[in-house]
Amino acid sequence: MNMEDSKYQRAKKRVAALRGFYVHLVVYVVVNLFLFLINITASPDTLWFYWPLLGWGLAVGLHALRVLGFGGLSGAAWEEKKIRELMAKE
């Protein structure tokens, strides 16, 4: 596998990860909006919609950190830099 194929495969993997995150985010927003509407119409005196919002929101946040990186510490740029660093040592 040459360098171009390797770059293409990494880019393809990255795009798939981003697509997965965006789908997760859209489903999160739509479902929680639906839960909010159910809560407000069915039992406005007892608010419960925020529990799934918070729990699932934590999962979406962790997914974002995994896919988008955290301040360059776990993103694709960091991985590429680390790969080059390790290759230079060999």
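The following exchange asks how several labels applied to this predicted model are justified.

Me: What kind of model is this, and how are residues numbered?
Reply: This is a predicted model in which local features need pLDDT of at least 70 and side-chain atom pairs count only at pLDDT 80 or more, while totals for chains, interfaces and linings use all residues. Residues are numbered from 1 along each chain as its sequence is written, and side-chain values use heavy atoms, with hydrogens and water left out.

Me: Why is Asn-39 called buried?
Reply: Buried means under 20% relative accessible area, exposed means over 50%, and partly exposed lies in between (1.4 Å probe, protein chains only). Asn-39 has 0% relative accessibility and therefore counts as buried. Asn-39 lies in helix α1, where helices are DSSP runs of H or I with at least four residues, numbered from the N terminus.

Me: What does the side chain of Asn-39 reach, and which residues is Asn-39 in contact with?
Reply: The side chain of Asn-39 reaches the backbone nitrogen of Trp-48 at 2.9 Å. Leaving aside neighbours within four places in sequence, Asn-39 is in contact (heavy atoms within 4.5 Å) with Pro-44, Thr-46, Leu-47, Trp-48 and Phe-49.

Me: Why do Leu-37 and Tyr-22 count as partly exposed?
Reply: Leu-37, at 45% relative accessibility, counts as partly exposed because that value falls between the two cut-offs. Tyr-22, with a relative accessible area of 46%, is partly exposed for the corresponding reason. Leu-37 is found in helix α1, and Tyr-22 is found in helix α1 as well.

Me: What makes up the largest nonpolar core?
Reply: A nonpolar core is a set of buried Ala, Val, Leu, Ile, Met, Phe, Trp, Tyr and Cys residues joined through side-chain atoms within 4.5 Å. The largest one consists of five residues, namely Phe-21, Tyr-28, Val-60, Ala-64 and Val-67. Both α1 and α2 give two or more residues to this core, and the largest share, three residues, comes from α2. Not counting residues up to four places away in sequence, Phe-21 touches Val-60, His-63, Ala-64, Val-67 and Leu-68.

Me: Which elements supply the nonpolar patch on the surface?
Reply: Helices α1 (3-42) and α2 (50-68) each supply at least two of its residues, and α1 provides the largest share, six residues.

Methods:
A polar contact is a pair of N or O atoms within 3.5 Å; within protein, one must be able to donate a hydrogen and the other to accept it, and residues adjacent in sequence count only if both atoms are side-chain atoms.
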